[in-house]
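Here are my notes on the structure you sent, set out as numbered points. Please read them with the view open.

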Amino acid sequence: MSDAPIESVAQAGTLYVVATPIGNLSDLSPRALKVLAAVDRIAAEDTRTSGQMLGHFGLRRPMVALHEHNEDAVAAELVARLRQGESLALISDAGTPLVSDPGFALVRAARAAGVPVVAVPGPCAAVAALSISGLPSDSFVFAGFLPAKDAARRKKLEELARETRTLILYESSHRILDSVQAIAEVFGAARRLCLAREMTKLFEQSLTAGAAEVLDWLRQDANRQKGEFVLVVAGAETERTPADRAENLLRVLLRELPPARAAKLAAELTGLKRQELYDLALRVQGAAGPGNT
Ligand code: SAM
């Protein structure tokens, strides 16, 4: 592990994508601080918000606003500067740029122009919530914010209802109640989810429970509906294959019937071939051992 001096931290002509805190300023990494102090310019979603954060650390660098309304035009200008040898850091209001935040057009344009792009990783609300959710984290889908309008939100949730990977959503205080209610209705009241609120801040809270229980918890106290939220939702139960279903069916039928009869009934119930089911029935019975079906 190396700890490079500030002078060599910001290489000429390089774009640094720098994560900043999602609440607690102590979460700004020492490396992020060094890079932000050393770059020629900082592109920020909101220069006033980021200016305050940088001011807290005594940092004053030339800044340029890069937000969803000007991103394409500003990206072209910044890439031209990068190609002339300027170093640039990209930050957003909070967390990791490009994660439900501006920056994609700039990074894409920088890569297309052959400009080196370097990550300075750090806080990200989605990953922070996943890490504390107690829900499967080996495979997940980040879907950002749900649509604001009720019909579009439901349609989106219906598309996601059979997703078997853990789902991560962002939500604001205005819509948290509606979104959790829609999840309970579309995914089912028992679907487990983690609500992580105001992480790293004074009123941080998190709860993992069934969707209906999380909805009740929110309704019990209006203060719980305030602030910033991440919802981590358990994936749908894995859809079993027809072969899995047939095997389970045969196990039940074989308790009462000989293999030929069990295979005949299973073929009628599943539409699968009788001979294949008979062979499967013999294997299932053989594996169960004598007197152990
Ligand atoms: N780029 C950011 C990141 O890396 O997490 C996300 C920016 S997005 C515009 C803002 C949303 O992130 C909020 O509406 C909320 O859903 C989530 N968020 C940000 N900070 C949070 C926090 N401290 N606790 C819970 N959710 C947070």
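Notes on the pocket, the ligand and the domains

1. The largest pocket holds about 490 Å³ of space. Its lining is made up of 26 residues, and A94, A125, F145, Y170 and E228 are the closest to the pocket centre. Three elements give two or more residues each to this lining: β7 (166-172), β8 (192-197) and β10 (228-233). Please keep in mind that the model is a predicted one.

2. What kinds of residue line the largest pocket? Eleven of the lining residues are nonpolar, seven are polar and eight are charged.

3. The chain is divided into domain 1 (15-123), domain 2 (126-233) and domain 3 (242-288). Where does the largest pocket lie with respect to domain 1 and domain 2? It lies between them, because both domain 1 and domain 2 give residues to its lining.

4. As for domain 3 (242-288), its centre and that of domain 2 are separated by 41 Å, taken over C-alpha atoms.

5. Turning to the ligand, 19 residues are found around it, and T96, D101, A125, Y170 and F229 come nearest.

6. Backbone atoms of the protein make polar contacts with the ligand. A polar backbone atom of A94 is 3.2 Å from a nitrogen atom of the ligand, and one of V99 is 2.9 Å from a ligand nitrogen atom. On E171, a backbone N or O atom lies 3.1 Å from an oxygen atom of the ligand. On its own the ligand has 580 Å² of accessible area, of which the protein covers 92%.

How values were computed. Residues are numbered from 1 along each chain as its sequence is written. This is a predicted model: local features need pLDDT of at least 70, side-chain atom pairs count only at pLDDT 80 or more; totals for chains, interfaces and linings use all residues. Side-chain values use heavy atoms; hydrogens and water are left out. On a 1 Å grid over the protein atoms alone, a cavity is a set of points where a 1.4 Å probe fits but cannot get out, and a pocket is an open set with protein on both sides within 12 Å along at least five of seven lines; lining residues have an atom within 4 Å of a point. Grid points are joined across faces, edges and corners, and a volume is the space filled by probe spheres set on the points. Helices (H or I, at least four residues) and strands (E, at least two) are DSSP runs, numbered from the N terminus. Ala, Val, Leu, Ile, Met, Phe, Trp, Tyr, Cys and Pro count as nonpolar, Asp, Glu, Lys and Arg as charged, and the others, Gly among them, as polar. Domain bounds come from an automatic or database domain assignment. A residue is near a molecule or strand if one of its heavy atoms lies within 4 Å of it. A polar contact is a pair of N or O atoms within 3.5 Å; within protein, one must be able to donate a hydrogen and the other to accept it, and residues adjacent in sequence count only if both atoms are side-chain atoms. Accessible areas come from the Shrake-Rupley method with a 1.4 Å probe; for residues, only the protein chains shown count as cover.
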